[in-house]
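Hi,

Here is the model I said I would pass on. Have a look at it first, and then read on for what turned up.

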Amino acid sequence: MPIQARVLTGEHEKQQALSDLWKGVTQWRIWTALAMEDLRRRYHRAAIGLLWVTLSFCAFIVVKALVFNRFAGSLEFSFAIYLALGFLLWQFMNGVVTDGADVFVSASNWIKGVPMPLSTFVYQSIVRNLVVAGYSSLVIGMLLLYEGHALSWGALLALPALVVLVFTSIWVELLLGVVSARYRDVKHLIQTIMRILFFLTPVLWVPSVMGRLGEYTYWNPFANFIEIVRMPLLTGSVDSFHWIYVCLFSVLGAVVSVIVFMFSRHRIVYWI
Amino acid sequence: MTHLKLQDVSVAYPVFGSSRTTETEVTETAANKPIGGSIRARGGKNFVVALEKITLSLSAGSRLGIVGHNGAGKSTLLRTMAGIYSPTAGSVSVEGRVGTMFSTGLGMQANATGRENITLSGLLNGLTRKQAVEKYEGIAEFCELGSYLDFPVNTYSRGMAMRLSFAMATAFNPDVLLLDEWLGAGDQAFRKKAEARMQELVAAAGILVLASHRLPLIRNNCDDCLWLEHGTVKMFGPAHEVVAEFRDSTKSGDAS
């Protein structure tokens, strides 16, 4: 591997932040390994290991489907599938947001000890959450079979939606990671907000039967991200409003996040 | 060509959670003792100026020791050389693969086993998983930890963790080896072995920078020595001279 001379000065900090993001991507071996290591540790000595994710997701869906059925009204699709998809996406986004608020602080051991791109830890966290979502999605597969729900070609629209979701997750973690490393209240604030937002996001209920709450729910970015994946899988089509919202949100957020990172990357090590 | 150059490097960092609140701009050090960097307060915020205007140039074959009291800036200087801290002013230029060994537990996954950590450090050094696994034998042999490598690192003693850390830092043919005082945690047999490994790396056109409170370690392994005080260069010169001066100053300091 050729080694180039590395020059560090105060003036190069912004370029270094940009190259950090890219260098992190190229070192994919390290963040996939770290993510798998995290999961191995979390389910260490558990006989069925990661299948606990599937099992607890399954139990949650069964109970919630029975309890919240009455909020569904009359639907053209299965409420259980609606609920399972919504909760899967919520769980992923919630994981990304809460991990993001800790992403650099919890990696201080590495950041202070080894010269490596800081974005590594963002990618690590995304992979970890994706793997968990993958295990949960086994339940979706079983549910689709059980309910006899046939997917139409329109369901393929969920694929670009997932790409946008992962892209957004990256900048969300980057931004929250920086801000919460500097201001330690942010992590607690975010946990509180996420707990409230869960009830304001159409996961357990369907907007059309919730009156005012249903009308305002699409101000909430989480609701729109859920719809661009969930609607195509349920109905084969998706309202273009959700896509426009999501694209604007994603692009604007990415710009803000990268700018914040450019100005703060070199200081993060002192904050953690 | 391997080199490590510092030009007028200063590093100042903010301190949070300090009980000091000073509104006016002041600069002070720890009550006329050679401990710590200088503390600067500006607008109610405290900064520690850990390094101030350090200029250094090391080329292939250089062996530099760093001495100084607690908080004189030794670790900050090493981290700045490694690229972990970026200089507030001045510039750092490094050419070559950098190997680091800083304080206990840094750069390791504490709940992972020694074996897993070896794989991770291989991946960090740009190897594939297969290549990293191939490095295992050599590292295991050097650190002599045997079956302990299948135990989590947080069950290791300080000396054992140091053995693993040193073996990993030197296993991937670093051109620039940066070592913090921790090396003192090893027993004598391992220290001998570690010193031999350091010399090998320097002989292969590498650079060694070693910070330690163990003066004989510096004298035996370094050609030049930098004495830091309050983040500035107090003295720079041949290792035996600087070490002798530094020792005299600590002795007279103890007497007072």
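Of the contacts in chain A with a separation of 6 or more, what share comes from residues 24 or more positions apart? The figure is 77%, with contact meaning heavy atoms within 4.5 Å. For chain B, the corresponding figure is 70%.

Some housekeeping before the rest. This is a predicted model, where local features need pLDDT of at least 70 and side-chain atom pairs count only at pLDDT 80 or more, while totals for chains, interfaces and linings use all residues. Residues are numbered from 1 along each chain as its sequence is written, chains are lettered from A and ligands numbered from 1 in the order in which they are written, and side-chain values use heavy atoms, with hydrogens and water left out.

The two chains

Chain A has 11 helices and one strand; helices (H or I, at least four residues) and strands (E, at least two) are DSSP runs, numbered from the N terminus. Along the sequence, the strand comes before the helices: β-α-α-α-α-α-α-α-α-α-α-α. Chain B has eight helices and 11 strands.

The C-alpha trace of chain A spans about 65 × 45 × 35 Å along its principal axes. Its radius of gyration is 20 Å, which agrees with the value near 19 Å for a compact globule of 272 residues (taken over C-alpha atoms; the globule rule is 2.2 Å times the number of residues to the power 0.38).

In chain A, 51% of the 272 residues count as buried, and in chain B it is 53% of 256. Buried means under 20% relative accessible area, exposed over 50%, and partly exposed in between (1.4 Å probe, protein chains only). The accessible surface of chain A is about 13,400 Å², 68% of it from carbon and sulfur atoms. Chain B exposes about 11,000 Å², and there carbon and sulfur supply 50%. These areas come from the Shrake-Rupley method with a 1.4 Å probe; for residues, only the protein chains shown count as cover.

Cores

A nonpolar core here is a set of buried Ala, Val, Leu, Ile, Met, Phe, Trp, Tyr and Cys residues joined through side-chain atoms within 4.5 Å. The largest has 62 residues, and A:F104, B:L4, B:M81, B:L178 and B:V209 touch the most other members. Helix α11 (residues 240-271) of chain A gives the most to this core, with six residues. Leaving aside residues up to four places away in sequence, A:F104 touches nine listed partners, including A:I111, A:L174, A:F261 and A:I272. Another core lies apart from this one and has 53 residues, among them A:A84, A:F87, A:A158 and A:I226.B:M81 also belongs to α1(B), where eight of the nine residues are buried, so this helix is largely enclosed by the rest of the structure. Among its buried residues are B:K74, B:R79 and B:M81. The residue that follows α1(B) is B:G83, with a positive phi near 90°.

Rings and charges

A pair of aromatic rings is described by the distance of the centres and the angle of the planes. The whole structure holds 22 aromatic pairs over all chains. Rings of Phe, Tyr and Trp (its six-membered ring) pair if their centres lie within 6.5 Å; planes under 30 degrees apart count as stacked, over 60 as edge-to-face and the rest as tilted.

B:Y13 and B:Y85 make a tilted pair, 6.2 Å centre to centre with 50° between the planes. B:Y13 is in strand β1 (residues 3-15) of chain B and B:Y85 in the loop between α1 (74-82) and β6 (89-95), so the pair ties together parts that are 72 residues apart in sequence. B:Y13 is partly exposed at 23% relative accessibility, whereas B:Y85 is buried at 8%.

B:W227 and B:F246 are edge-to-face, because their planes are at 80°, with centres 5.2 Å apart. Both B:W227 and B:F246 are buried. In chain A, one aromatic cluster is formed by A:F57, A:F60, A:F87, A:W90, A:F198, A:F199 and A:F222.

A charge sits over a ring if NZ of Lys or CZ of Arg is within 6 Å of the ring centre and within 35 degrees of the ring normal. A:R230 does this over A:Y82, 3.7 Å from the ring centre, and B:R115 over B:Y136 at 4.2 Å.

Backbone

Most residues other than glycine have a negative phi. B:K53, in strand β4 (residues 45-59) of chain B, has a positive phi near 50°, and B:K53 is exposed at 60% relative accessibility. B:A205 has a positive phi too, of about 55°, and is partly exposed at 35%.

Cheers
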